[in-house]
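Here is a short, informal walk through one protein model. Have a look at the picture first, and then we'll go through the parts together.

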Amino acid sequence: MTDAAMVYVVDDDNSVRAALEDLLASVGLPVRAFASAAEFLAQPLADVPACLVLDVRMPGLSGMEFQRQMQTLGLQLPVVFITGHGDIAMGVKAMKSGAIDFLAKPFRDQDLLDAIHQGIAQDRARRLADADRAEIGGRWQTLSDGEREVVQLVVKGLLNKQIAHQLQLSEVTVKVRRGNAMRKLQLSSPADLVRLTEKLGV
């Protein structure tokens, strides 16, 4: 993935949207602005790390309600809340739900930019981790059922002889399956194998 990124702004106030578009453009951040959550949902997302700047109070679906809906929809964008009507309790609730920051208007431009950069960095790390898991998952799918059985017992700390006894196989067969699995998974040690299975949740 490159350094490309996108900032989405959802705020029903035209002047706020325009000001944020100008601010983000001034520091070289691509931005797309929307007047409502529904308008945002109607558009496809760019396939780059991103951050969502979300107004708390809007007609129709509020920012807080939309944050909850995002979780249901599987949208994993980091959220920075902005509000002219927020309170401490609301801010705490937003942060507990995973928001990057909760900024009361008028806020310092730099505070918003810092929060957005943090959100983009977080999303970039998530996307890289997802890509890594997908690549590892692809390797795991190349294993035969027998090779997976052996791998799962290796991870539990069993020796080849113990695995052979448990699976009612010859020790040679266990060694062959274990070797094939390590080659397909592109690993060189049992420790690497443990880390891989932890990543996959196997």
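A salt bridge, as the term is used here, is a side-chain nitrogen of Lys or Arg within 4 Å of a carboxyl oxygen of Asp or Glu. Keep in mind that this is a predicted model. With that in hand, take Asp111 and Arg108: their side chains meet in a salt bridge, at 2.7 Å from N to O. We'll come back to pairs like this one after a look at the sheet.

**The sheet**

Five strands make up an open sheet, and reading across it you get S2-S1-S3-S4-S5, with parallel pairing. At the edges sit strand S2 (31-34) and strand S5 (101-104), each of which pairs on one side only. Ignoring direction, neighbouring strands of this sheet are turned by 20° against each other on average.

How do the strands connect? Strands pair through backbone hydrogen bonds, in either a parallel or an antiparallel way. Strand S1 (residues 6-10) runs parallel to S2 and is joined to it by four bridges. One spot to look for is Val7, whose bridge partner in S2 is Val31. S1 is also joined to S3, again running parallel, this time by five bridges. There, Val9 stands opposite Val53 in S3. Carry on across the sheet and you find S3 paired with S4 in the parallel sense over four bridges, with Val53 standing opposite Val80 in S4.

**Helices on the sheet**

Helix H1 (residues 14-26) packs on the sheet and touches S1, S2, strand S3 (50-55) and strand S4 (79-83). The direction of H1 makes about 175° with that of S2. Helix H3 (residues 63-73) lies across S3 and S4, and runs at about 145° to S3. Put S3, H3 and S4 together and you have a right-handed β-α-β unit.

How many residues of S3 are buried? Six of its six are, so to speak of this strand as mostly covered is fair, given that buried means under 20% relative accessible area. Ala50, Leu52 and Leu54 point one way from S3, while Cys51, Val53 and Asp55 point the other way, and all are buried.

**Salt bridges**

Now back to the charged pairs. The structure holds eleven salt bridges, and here are some of them:

| Pair | Closest N to O distance |
|---|---|
| Asp111 and Arg108 | 2.7 Å |
| Arg139 and Glu135 | 2.6 Å |
| Lys184 and Glu147 | 2.9 Å |

In the pair you met at the start, Asp111 counts as partly exposed because its relative accessibility is 30%, and Arg108 is exposed, with a relative accessible area of 51%.

Arg139 and Glu135 both lie in helix H5 (residues 109-141), four residues apart, which is about one turn of the helix. Arg139 counts as buried at 16% relative accessibility, whereas Glu135 is partly exposed at 37%.

Where do the partners of the salt bridge between Lys184 and Glu147 sit? This pair links distant parts of the chain: Lys184 is in helix H8 (residues 171-185) and Glu147 in helix H6 (residues 145-155), 37 residues apart. Lys184 counts as partly exposed at 25% relative accessibility, and Glu147 counts as buried at 6%.

Some salt bridges also share partners, and in this way Asp123, Arg126, Asp130 and Arg133 are joined into one network.

Note on methods: Residues are numbered from 1 along each chain as its sequence is written. This is a predicted model: local features need pLDDT of at least 70, side-chain atom pairs count only at pLDDT 80 or more; totals for chains, interfaces and linings use all residues. Side-chain values use heavy atoms; hydrogens and water are left out. Two strands pair if DSSP finds at least two bridges between them. Helices (H or I, at least four residues) and strands (E, at least two) are DSSP runs, numbered from the N terminus. Axes are lines fitted to C-alpha atoms, for helices over the stretch in contact, and angles run from 0 to 180 degrees between N-to-C directions. Contact means heavy atoms within 4.5 Å. Buried means under 20% relative accessible area, exposed over 50%, partly exposed in between (1.4 Å probe, protein chains only). A crossover is right-handed if, with the strands pointing away from the viewer, the path from the first strand over the helix to the second runs clockwise.
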